[in-house]
Amino acid sequence: MMNSADLPATIPVFPLPGALLLPRARLPLHLFEPRYLQMFEDVLKTSHRLIGMVQTHKKPNGDEQLHAIGCAGRVTQFSETEDGRYMITLAGISRFRVEKEVTGFSPYRKAEVSWEGFERDLGKPEQDDTFDREMFLNTLGKFFDVHDLRTDWESLKDADTELLINSLSMLCPFEPEEKQALLEAPSLTTRRETLMTLIEFALRGGSSEEMIQ
């Protein structure tokens with residue numbers, strides 16, 4: 001487990017809309033663009049092996065701007081295909097706040113980041129003492145039916161609470177801004193409440209634009 005002293009001030013960032021990483025969760029990624037292949041090879045040379053996953057949003061001029069908060073993951077597994085692509089797994093370490101982007105000759109984006117305020121991410125798994133698993137899974141079942149999704153319900157019934165909430169936050173087909181709201185939730189309880197709100201809103205036929213407004 002990493003501690004705050006191991007966290008660098010500058011990290012490469014991978015702006016991938018809809019791809020959410022959360023602390024203590026795992027995210028598989030398929031890298032094939034030359035700039036991200038270079039990013040991965042450079043990351044392997046560092047002691048921390050961290051990549052920052054960040055959502056983007058459109059500025060008025062049409063440019064893609066990084067959201068203020070992302071989550072860094074450590075490369076824990078990888079394999080190379082015969083044609084030079086990489087399949088990697090990131091283990092979520094901690095959220096961060098983007099201070100500013102770093103300009104230079106790198107083909108991929110980098111940012112100076114602050115880890116302050118996210119110390120809890122480096123600790124033990126969070127608990128949600130008010131979690132009603134039965135009610136939650138009943139509502140989730142309706143959502144999965146609507147979206148024609150399948151899962152191992154027995155595993156969900158027995159899964160650790162944090163693992164369950166974070167995995168569903170990452171995997172459910174929400175819009176990027178909705179994923180960002182799940183990322184920025186200050187506690188596991190708040191994330192579960194946000195997740196439930198998104199599921200219930202989707203079941204009522206609401207759009208993400210209406211919810212954000």
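Contact here means heavy atoms within 4.5 Å. By that criterion, residues 24 or more positions apart account for 67% of the contacts in the chain that have a separation of 6 or more. The structure is a predicted model, in which local features need pLDDT of at least 70 and side-chain atom pairs count only at pLDDT 80 or more, whereas totals for chains, interfaces and linings use all residues. Residues are numbered from 1 along each chain as its sequence is written, and side-chain values use heavy atoms, with hydrogens and water left out.

**Overall form**

The chain holds seven helices and eight strands, where helices (H or I, at least four residues) and strands (E, at least two) are DSSP runs numbered from the N terminus. Its radius of gyration, taken over C-alpha atoms, is 18 Å, close to the 17 Å that the globule rule gives for 213 residues, so the chain is as compact as a globular protein of that length; the rule is 2.2 Å times the number of residues to the power 0.38. Along the principal axes, the C-alpha atoms fill a box of roughly 50 × 40 × 40 Å. Of the 213 residues, 45% count as buried, a class that means under 20% relative accessible area, with exposed over 50% and partly exposed in between (1.4 Å probe, protein chains only).

**Two buried residues**

| Residue | Relative accessibility | Place |
|---|---|---|
| Leu 50 | 0% | strand 3 (residues 50-54) |
| His 67 | 11% | loop between strand 5 (64-66) and strand 6 (69-80) |

Not counting residues up to four places away in sequence, Leu 50 touches Met 2, Leu 7, Pro 8, Pro 12, Val 43, Gly 73, Arg 74, Ile 93 and Trp 115. With sequence neighbours up to four places away again left out, His 67 touches Val 54, Gln 55, Thr 56, His 57, Val 98, Glu 177 and Gln 180.

**Helix 2 and helix 4**

The axes of helix 2 (residues 133-146) and helix 4 (residues 161-171) come within 13 Å and cross at roughly 25°; axes are lines fitted to C-alpha atoms, for helices over the stretch in contact, and angles run from 0 to 180 degrees between N-to-C directions. The two helices are therefore roughly parallel to each other, the class for angles under 35 degrees (over 145 is roughly antiparallel, 65 to 115 roughly perpendicular and the rest oblique). Arg 133, Phe 136, Leu 140 and Phe 144 of helix 2 make the contact with Thr 161, Leu 164, Ile 165 and Leu 168 of helix 4.
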